[in-house]
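Please open the structure in the viewer and keep the sequence panel at hand. The tour proceeds by selections, each followed by an account of what is found there.

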Amino acid sequence: MRESFWWRRGTPKHKLHYRKEVEIQELLLYFIFLINLCILTFGMVNPHMYYLNKVMSSLFLDTSVPGDERTNFKSIRSITDFWKFMEGPLLEGLYWDSWYNNKKLYNLNNSSRIYYENILLGVPRVRQLKVRNNTCKVYSSFKSLMSECYDRYTPASEDLSEFGLKQDTEWKYSTPSANYPWHWGFFGVYRNGGYIFTLSRSKSETKSKFINLRLHSWITRGTRVVFIDFSLYNANVNLFCIIRLVAEFPATGGILTSWQFYSVKLLRYVSFYDYFIASCEITFCIFLIVFTTQEAKKMKEFKSAYFKSIWNWLELLLLVLCVMAIFFNSYCNIQIFLLLGQMLKSTEKYSDFHFLAYWHIYYNNIIAITIFFAWIKILKFINFNRTMSQLSSTLSRCIKDIVGFTIMFFIIFFAYAQLGFLVFGSQVDDFSTFQNSIFAQFRIVLGDVNFAGIQQANRILGPIYFITFIFFVFFVLLNMFLAIINNTYSEVKADYSIGRRPDFELGKVITKSFNNALEKLKLKKPQEDEDKKSMKSRDLVEEAQREGFDETEIQRSEQMKKWKERLEKKYYSIEIQDDYQPVTQQEFQELFLYAVELEKELHYVSLKLNRVMKKISALQY
C-alpha cells in the first residue's frame, strides 16, 4: 500500500518526546503563575468593601426627607426636592458630632465620624456646570413666546461668566484641571471645574450656606449638573470610601440622579498579609520577564508562522495586559505617595480622593481582565486531553459555518433592534435608545420580556414584533446554531472513534509518569516498553527474511496486521458494540481499501497453492 493512502501521519518519535517534555514544563510553570495571580487578585479584594458601600448608600440614598417619606435622593424630580435633600438627609448624614445619647465620647478634633467609625476627610465639595443662554435655536413662530434657550451640556456651550452675587467662589467659574478625569453621565460627559463651594466643618454654618444659596437661586435654568463629592476613611478595615452624588438637569426639565461609591485600599502595605501580597507582585513581574523571553524566542524561531496560532495571539494579549497592570499599579502607588500626605494635612479644604480612586479602579479592571484571559489559556493545556480535544476540534472545524451564521443572525437581530427603537423608543424604557434595544432583545431571548409595555406602546406592531422575533431568532436561528455544533461534533467524534486523536494526550503522560514512579518504588512490575516492542518487531522481520520471504511480502504483511488491529479495535471491541455509530465516509474508505488488499492477498495465496499442487502432482508422476 502506498503512503498516500494513509489519512494521518504521526509525529516523529524524537520530536514527540521533546514536545512532551516542553509542554509539561510549560504547564507546570504556568500553573505556578496562575496560582500567584489568583492570590494577588483576591488579596486586593476585601469583603468589607461591599458592606461599606452598602452602609453609605443606605445613609445617603435611602434616607427620606423629614416630613416626606417619599422623597429621598433617588426620587428627586424637582429643584425643590433637591434643596430639601441638601438641607435634610445630606446635612444629617455628613455631621455626626455626638453619640446617640448626645454625649461626646470621641475626641473628634473638629472632624465628623459618620456612623461613629468613618472619618470624614477634609470637607465636602459641591459644584455645578451650566450652559449659556441662546445656545440653541428657537423656531421663528415661537420666538415671541420664548426669549431664552438653554441647550444640553457640551464644553463648547458651557457658561463661564459670573452670576448671582458674584462675590464668592460659588458664583465665579473655576478653571478645570487638565489631567482630571471627566464624568460620564446620562445626558453628557462633564469635565472638572465649574461653580464650586466647599462646606464648613460646622453643621449650622453649612445649613446657613444652603439656605443662602437657595434664596439667591444658585441653581438656574442653565444648570445641567450638580456634583456632591466627599471622602471617608475607616481605620478598622483600612478602606477609603470615595462618594459622588450626581444630579443631572436635562434640557427636557426635571432631575435625574446617579451616584458612585468606591471603596478602595489606598494604603496598600500595612499588615503582614499585605507584604505577602507585595511578594506576589514581585513574583508576577518575574513571571512576566520569563514569559516575554519565551515568546521572543518563539517569534525569532518561527517568524511569520508564529502568528498563525490563536494561542500565540492569546499569549501576546496576556503579556500586554500584564504590562498595563504593572503600569497602572506603579502609577497609582506613585500618585498615592505624592498626594496622600498633602491631602490628609489640609483638613480645612476639600481632599480630592476621587482622582486616586479613579486610577485604582482602572487597575482593578485591568487585573480582572488579565486573570480572565489567564484562565482561558488553560484550554490550551486541557486540549491535550481527548475529550477536550474533541471540543476544540469541533469549534475549529465549524468556525466558518459559525461566522456565516453570525453574519446572518446579526443582520436579523439589528433589523429588529432598529424596528423596536423606532416603534417603542419614545414610550418603553427598554427601547429608549438603540443600545438599550439591542440589550432588551438579548433579554427577550433569555426570557426577560416586558410584553405588556410593548403591547401598550403599539397594540398592532407590538404583538407582531414580539411573535416574529421569537419565531425567527429563538426557534429558527438558535436551533440552526445548535444544529451546526451538533453536526460537526458528530463528525469529529466519528473521526476519533477510528483512531484519530492528538499526538500528545496529557492524561496519558501523567498516567505513564505515575506508573514509572510506582515501578521505581517497586510497587508495580515493569511493563515492556516501546523499545523492547520495536526490538521484538525487528527480530520477527529478520526471522521472516531467513525463512525466504522477500521484503515486499514482509511490508505488506505488517501493513495488513496494523489495519486488522485498528479495524478490530473499532468494530469488535465491547465498548463500541454498546454504542452504535453510523459509518462515516472515512470509515467506508478504510474498509474498502482493507477489502481490496484482502482480495489481493487471497488471490496471491491461491496462486501459491496452485503452484504447490502442480509441484506435488509432478512429483507423483
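A residue is called buried when its relative accessible area is under 20%, exposed when that value is over 50%, and partly exposed in between. The model is a predicted one.

**The whole chain**

Begin with the protein chain displayed as a cartoon, in which 18 helices and eight strands can be traced. Of its 621 residues, 38% count as buried. Among contacts with a separation of 6 or more, 69% join residues that lie 24 or more positions apart. If a surface is switched on, the chain exposes about 38,200 Å², and carbon and sulfur atoms supply 61% of that area.

**Helix α4**

Select residues 203-215, which form helix α4. The 13 residues should span 18 Å at 1.5 Å a residue, and the end C-alpha atoms are 19 Å apart, which agrees. Next, show the side chains of Thr206, Phe210 and Leu213, which are buried. These three cover an arc of only 70 degrees around the axis, so they sit on the same side of α4. An α-helix has 3.6 residues a turn, so residues three or four places apart point the same way. To see what the buried residues of α4 pack against, add α3 (79-94) and β5 (195-198) to the selection. Beyond the helix, pick serine 217, which follows α4 and has a positive phi, near 55 degrees.

**Salt bridges around α5**

The structure holds 15 salt bridges. Side chains of opposite charge can pair when their charged atoms come close.

Select glutamate 281 and arginine 268, whose side chains meet in a salt bridge with an N to O distance of 2.6 Å. Glutamate 281 belongs to helix α5 (residues 272-302), whereas arginine 268 is in the loop between β8 (256-264) and α5; the pair therefore ties together parts that are 13 residues apart in sequence. Are these two partners buried or exposed? Glutamate 281 has 11% relative accessibility and counts as buried. Arginine 268 has a relative accessible area of 12%, so it is buried too.

Now select lysine 265 and aspartate 274, which form a salt bridge whose closest N and O atoms are 2.6 Å apart. Lysine 265 counts as buried at 17% relative accessibility, and aspartate 274 is buried at 5%.

**A linked network**

Move to Arg125, Asp229 and Arg244, and display their side chains together. A network of salt bridges links these residues.

**Helices α10 and α11**

Select arginine 443 and aspartate 430, a salt bridge in which the closest N and O atoms are 3.5 Å apart. Arginine 443 lies in helix α11 (residues 434-445) and aspartate 430 in the loop between α10 (399-424) and α11, so this pair ties together parts 13 residues apart in sequence. Arginine 443 is partly exposed, with a relative accessible area of 34%, whereas aspartate 430 is buried at 18%.

Finally, display the surface of Phe410, Phe414, Phe434, Phe439 and Phe442, which make a nonpolar surface patch of about 430 Å². Which helix gives the most to the nonpolar patch? It is α11, with three residues, while α10 and α11 each supply at least two. Phenylalanine 410 is found in α10 and is partly exposed, with a relative accessible area of 31%.

Terms used
Residues numbered from 1 in each chain as written. Predicted model: local features only at pLDDT ≥ 70, side-chain atom pairs only at ≥ 80, totals over all residues. Heavy atoms only, no water. Salt bridge = Lys/Arg side-chain N within 4 Å of Asp/Glu carboxyl O. Buried < 20%, exposed > 50% of the residue type's maximum accessible area, 1.4 Å probe, protein only. Helix = DSSP H or I, 4+ residues; strand = E, 2+ residues; numbered from the N terminus. Patch = residues over 30% accessible without salt bridge, like charges linked within 9 Å, V, L, I, M, F, W, Y side chains within 5 Å. Areas by Shrake-Rupley, 256 points an atom, 1.4 Å probe, with all protein chains shown as cover. Expected span 1.5 Å × (residues − 1). Arc of directions from axis to C-beta. Contact = heavy atoms within 4.5 Å.
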